[in-house]
Amino acid sequence: MDRGYRVAVVGATGQVGTLMLELLRERSFPASEIVAFASERSAGRTLEGVGATGEDLVVQPLTEESIQGFDIALFSAGGATSGEWAPRFAAAGAVVIDNSSRWRMKDDVPLVVSEVNPDALADHHGIIANPNCSTMQMVVALAPLHREAGIERLVVSTYQAVSGTGKRAVDELLDQSHALLHERPIDAPAAYAHQIAFNALPHAGSFADGEDHTDEERKLMNETRKILGDPSIAISATCVRVPVLNGHSEAVNVQTRERPRRPRGRAVSAGDRRERQGRGVRGPHPPRSRPRACAGHVDRLGQPSQGRGHQRDPARRARARTRPARRSPRALCRLSSSHPPSPTARRRLTRATSGPSRSL
Ligand SMILES: NC(=O)c1ccc[n+]([C@@H]2O[C@H](COP(=O)([O-])OP(=O)(O)OC[C@H]3O[C@@H](n4cnc5c(N)ncnc54)[C@H](OP(=O)(O)O)[C@@H]3O)[C@@H](O)[C@H]2O)c1
């Protein structure tokens, strides 16, 4: 392709970066070139078939020379990398879209969810942030209710999948599950302070000194207020890490200032089927979808992406959901592509689910 955007994907070897590359390809994003960046550790590594037209990409290191000439830079390589390199990409002329928490709360950086506050994009100065995952999916459902009745208070409990912590946490859950199902001792936990398999950790994120909320909980509170444009919303959040590979769940209790026009706030937030899909909210009504049913629907909180036959075909989709993981462990991987397991994780999942004792 001769014309199009020159796109940098920073963090291309990671859990999120892998999916970014996959989506750029699946959606035929108008890219003249996609360049994969990661740390010095991965520089020179070949990522097979991940380019815009399925070509291999060789991972580049971040240097002053290698970051020149981009139109768009998608960042998902952690806050420290974004802190150092996002301004450099912006100074070199790119628009940076940053998935880390580094820039989200800066006054001159718009924090954008495309279905909620796209107008905020008008004020960017080269860096645009997207919110934390739990915040992003919640505000899509809450924004219409806030516009209609004004949200006064939110009490949020999240049940967050391990994919949000990155590749090493996905591997740790699979390794621990495999060991425990085969009645072997587990290695000392590394991604989390405690065992995550067959457990629930009531402190997703970490506590800063003197804080009674984790950073994950603070992000949910602060980012929600910024995106909805209302610093007065009272928010209490409890973020729990659960042994789910992909797909965050949340229970949200909402108190509004006005009485919503339609009976019960849920109807405003969920709306009818067409309205919900137009806004990017999808799921059965009342909306009590399971993570496994939602994971893999990466197009705006649930619209199946066009490139996946199993998602387009309802019969195949239903079969994939109900098929026992032991017979077809890949079913779980396919449905989990919002943060797809790495090839290593897939192999481990296959081992874990095809062993003689039982499936996951
Ligand atoms: N907004 C959301 O919904 C959401 C969800 C999940 C994660 N995140 C954020 O997205 C980021 C990545 O998460 P992840 O789950 O993909 O993590 P991950 O699987 O651990 O991948 C991290 C990526 O960053 C790269 N990286 C690390 N240090 C680097 C450096 N100094 N210079 C250049 N690249 C470097 C890694 O390269 P190597 O392979 O070479 O180490 C890898 O490609 C984090 O900031 C995380 O908080 C956001």
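Q: How far does helix α1 (residues 15-26) reach from its first C-alpha to its last?
A: Residues are numbered from 1 along each chain as its sequence is written. The model is predicted, and for that reason local features need pLDDT of at least 70 and side-chain atom pairs count only at pLDDT 80 or more, while totals for chains, interfaces and linings use all residues. Helices (DSSP runs of H or I, at least four residues) and strands (runs of E, at least two) are numbered from the N terminus, and the expected span of a helix is 1.5 Å times one less than its number of residues. For the twelve residues of α1 the expected value is 16 Å, and the reach in the model is close to it, at 17 Å.

Q: Which elements do the buried residues of α1 pack against?
A: A residue is buried if 20 or more other C-beta atoms lie within 10 Å of its own, exposed if 12 or fewer, and partly exposed in between, with C-beta atoms placed from the backbone. In α1 the buried residues are Q15, V16, G17, T18, M20, L21 and L24. Two residues are in contact if their C-beta atoms, placed from the backbone, lie within 7 Å, and the elements that the buried residues of α1 pack against are β1 (5-10), β2 (31-37), β5 (72-75) and α4 (167-181).

Q: What is the phi of S28, and is S28 buried or exposed?
A: S28 belongs to the loop between α1 and β2. Most residues other than glycine have a negative phi. S28 is not a glycine, yet its phi is positive, near 50°. Because S28 has 12 C-beta neighbours inside 10 Å, it counts as exposed.

Q: Which residue in the loop between α4 and α5 (215-228) has a positive phi although it is not a glycine?
A: The residue in question counts as exposed, because it has 7 C-beta neighbours inside 10 Å. Its phi is about 55°, and the residue in this loop is E183.

Q: How far apart are the end C-alpha atoms of α5?
A: Among the buried residues of α5 are E216, L220 and I227, and what covers the buried residues of this helix includes α3, β8 (151-160) and β9 (234-241). Since α5 has 14 residues, it should span 20 Å at 1.5 Å a residue, and the distance between its end C-alpha atoms agrees, at 20 Å.

Q: Which element gives the most residues to the shell around the ligand?
A: A residue is near the ligand if its C-beta atom, placed from the backbone, lies within 6 Å of it. There are 25 residues around the ligand, and G14, S42, A77, C133 and G166 come nearest. The elements that give two or more residues to this shell are α1 and α2 (79-91). The one that gives the most, with three residues, is α1.

Q: Why does the ligand shell lie between two domains, and which domains are they?
A: The bounds of the domains come from an automatic or database domain assignment. The shell lies between them because both give residues to it, and the two are domain 1 (5-103) and domain 2 (135-291).

Q: How many residues of the ligand shell are polar?
A: Ala, Val, Leu, Ile, Met, Phe, Trp, Tyr, Cys and Pro count as nonpolar, Asp, Glu, Lys and Arg as charged, and the others, Gly among them, as polar. Six residues of the shell are nonpolar and two are charged, and the number of polar residues is 17.

Q: Which helix gives the most residues to the largest nonpolar core?
A: A nonpolar core is a set of buried Ala, Val, Leu, Ile, Met, Phe, Trp, Tyr and Cys residues joined through C-beta atoms within 7 Å. The largest has 57 residues, of which A8, V9 and A36 touch the most other members. The helix that gives the most to this core, with nine residues, is α3 (residues 133-149).

Q: What is the C-alpha distance between G11 and L74?
A: G11 lies in the loop between β1 and α1, and it counts as buried because 25 other C-beta atoms are within 10 Å. Leaving aside neighbours within four places in sequence, its contacts include V16, A38 and F75. G11 and L74 are 63 residues apart in sequence, and their C-alpha distance is 8.6 Å.
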